[in-house]
Amino acid sequence: MRDDVSQFFDALETRTADERTADIAQRLPEQVARAKSLPGYGESLAEVDPAAVVDRGALARLPVLRKSELGKAQAGHTPFGGFTVKPASGFAHIFQSPGPIYEPGDVSHDWWRIGRFLHAAGVGAGDIVQNCFGYHLTPAGMIFESGARAVGAAVVPAGVGQTELQVRAAADVGSTAYAGTPDYLKVILDKAEEMGVALGFTKATVGGGALFPSLRQEYADRGIRCLQNYATADLGNIAYETPAPDFPANPPEGMIVDEGVIVEIVRPGTGDPVAEGEVGEVVVTTLNPDYPLIRFATGDMSAVLPGESPCGRTNMRIKGWMGRADQTTKIKGMFVRPEQVAEFVARHPEVKRARVIATREGEMDAMTVQVEAEGGDAGAYGDSVVSCLKLKAKIEVVAPGTLPNDGKVIDDQRSYD
């Protein structure tokens, strides 16, 4: 193991391949044994010998677990479907995602492992983090607050919205770091300029949506170093960007996989690992003993990035988010799922079909809902869209037969180049 770890969160980040493999060989069988003992897995792991699951090859022979299965299981074992080691009352928090699907959360040291990402972004003692992730029912706010606590930073639990108050708070308390979705920081900065208020942000840690190169550059031009991570409510931190020696002149090379998970890239619709560099679905096994998710399919697409990061961290890298394996997509930091579109259609007998279109307007996500119906006022559907999709949208009423016959109900037209 390398001796110089001062720039790293801990010594795990600079382990040799042999050290990391040996650690997995010890921890993975223990995690599989925990999972096998839980009712949520039912018969799927009944024939598995946990002691034999010591590496990625053995792991790849286990079944893939999909989020839809969590939802079905929770219908009979509220609220976590029998997938947690502790009962619901044993956790500090219970969160709700669309579905609804419930996720546990805890306040033990950096339970979601976000501190590793914040440390890489230069956030630590002396920083004040303006945490603009949501705190209401969804876990993102608490996830990043936990990470800030792990690195010794103070937090303004700002949440989402009330932009003028956000500007005032950031100026009054001297916030130095932003945490939130990639595009909301621009809203705050633009509002601050409009108000004639100078803000002290020099660091931004973002997630919950794609960080487009033009937006990262705009932040750099304003003196803010912006890095992104890839996390989910179920798994916590999966991968994170780190600054190369010439950052921010050049963007990071991919994302480094977190030390608390095992990531596989598999062919969508199967559990079969693809060749290095080939695009496939991200499947994650978490080593969190409280919530042992084994081969959990994220629905996200990515690929392994060959080689070692120039920052000195040695774990596997992935190219980052490269779209969805299914039609579920993230807009303005919120997942929009096909079943939510179906719920909207079911509320209106006159609507034949509906289609959600994700685009960009300037540096902001935009959402349009096309409604196939015989005439009608677009404004009549606004409340249902917000209720079902949890987001406001532009609504277009189109004639029956207008929408393409391609099976899509969510069309992501944003470019990620």
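1. Let's start at Leu137, which sits in the loop between strand 4 (128–131) and helix 5 (140–151). Please keep in mind from here on that this is a predicted model. The phi of Leu137 is near 70°, a positive value in a residue other than glycine. Most residues other than glycine have a negative phi, and most peptide bonds are trans, so a backbone angle like this one deserves a look. With a relative accessibility of 43%, Leu137 counts as partly exposed.

2. Lys332 is another residue to check for its backbone. Its phi is near 55°, again positive in a residue other than glycine. You will find Lys332 in the loop between strand 16 (329–331) and strand 17 (334–336). Lys332 counts as partly exposed, at 38% relative accessibility.

3. For a peptide bond to inspect, go to Gly99 and Pro100: the bond from Gly99 to Pro100 is cis, with omega near -5°. Pro100 belongs to the loop between strand 2 and strand 3.

4. Next, the aromatic rings. The structure holds nine aromatic pairs. One of them joins Phe91 and Trp111 edge-to-face, with 6.1 Å from centre to centre and 80° between the planes. This pair links distant parts of the chain, 20 residues apart: Phe91 is in the loop between helix 3 (67–74) and strand 2 (93–97), and Trp111 is in the loop between strand 3 (101–105) and helix 4 (115–120). Both partners are buried, Phe91 at 8% relative accessibility and Trp111 at 7%.

5. Trp111 also pairs with Trp112. Their ring centres are 5.2 Å apart and their planes stand at 85°, which means that this pair is edge-to-face. Trp112 is buried too, with a relative accessible area of 1%. Taken together, ring pairs link Phe80, Phe91, Phe95, Trp111 and Trp112 into a cluster. While you are looking at Phe91, note Lys86, which lies over the face of that ring at 4.6 Å from its centre.

6. What about the nonpolar interior? The largest nonpolar core has 36 residues, of which Tyr41, Val53, Val263, Leu293 and Ile318 touch the most other members. Among the elements that give two or more residues to this core are helix 1 (17–36), helix 2 (56–59), strand 9 (236–240) and strand 11 (261–266). Ile318 is a good place to zoom in: leaving aside residues up to four places away in sequence, its contacts include Tyr230, Met255, Val263, Ile265 and Leu305. A second, separate core of 27 residues includes Phe91 and Trp111 from the aromatic cluster, along with Ala120 and Leu227.

7. How many disulfides does the structure hold? There are zero. For Cys226, the nearest cysteine sulfur is that of Cys132, 13 Å away. Cys226 is buried, with a relative accessible area of 1%. For Cys311, the nearest cysteine sulfur is that of Cys226, 17 Å away. Cys311 counts as buried as well, at 7% relative accessibility.

8. Finally, is Asp365 buried or exposed? At 9% relative accessibility, Asp365 counts as buried. Asp365 is placed in strand 19 (residues 364–372). Its side chain makes a polar contact of 2.6 Å with the side chain of Arg360. Not counting residues up to four places away in sequence, Asp365 touches several others, including Asp183, Phe212, Lys330, Arg414 and Lys332, the residue with positive phi from point 2.

How values were computed
Residues are numbered from 1 along each chain as its sequence is written. Side-chain values use heavy atoms; hydrogens and water are left out. Rings of Phe, Tyr and Trp (its six-membered ring) pair if their centres lie within 6.5 Å; planes under 30 degrees apart count as stacked, over 60 as edge-to-face and the rest as tilted. Helices (H or I, at least four residues) and strands (E, at least two) are DSSP runs, numbered from the N terminus. Buried means under 20% relative accessible area, exposed over 50%, partly exposed in between (1.4 Å probe, protein chains only). A charge sits over a ring if NZ of Lys or CZ of Arg is within 6 Å of the ring centre and within 35 degrees of the ring normal. A nonpolar core is a set of buried Ala, Val, Leu, Ile, Met, Phe, Trp, Tyr and Cys residues joined through side-chain atoms within 4.5 Å. Contact means heavy atoms within 4.5 Å. A disulfide is a pair of cysteine sulfur atoms within 2.5 Å. A polar contact is a pair of N or O atoms within 3.5 Å; within protein, one must be able to donate a hydrogen and the other to accept it, and residues adjacent in sequence count only if both atoms are side-chain atoms.
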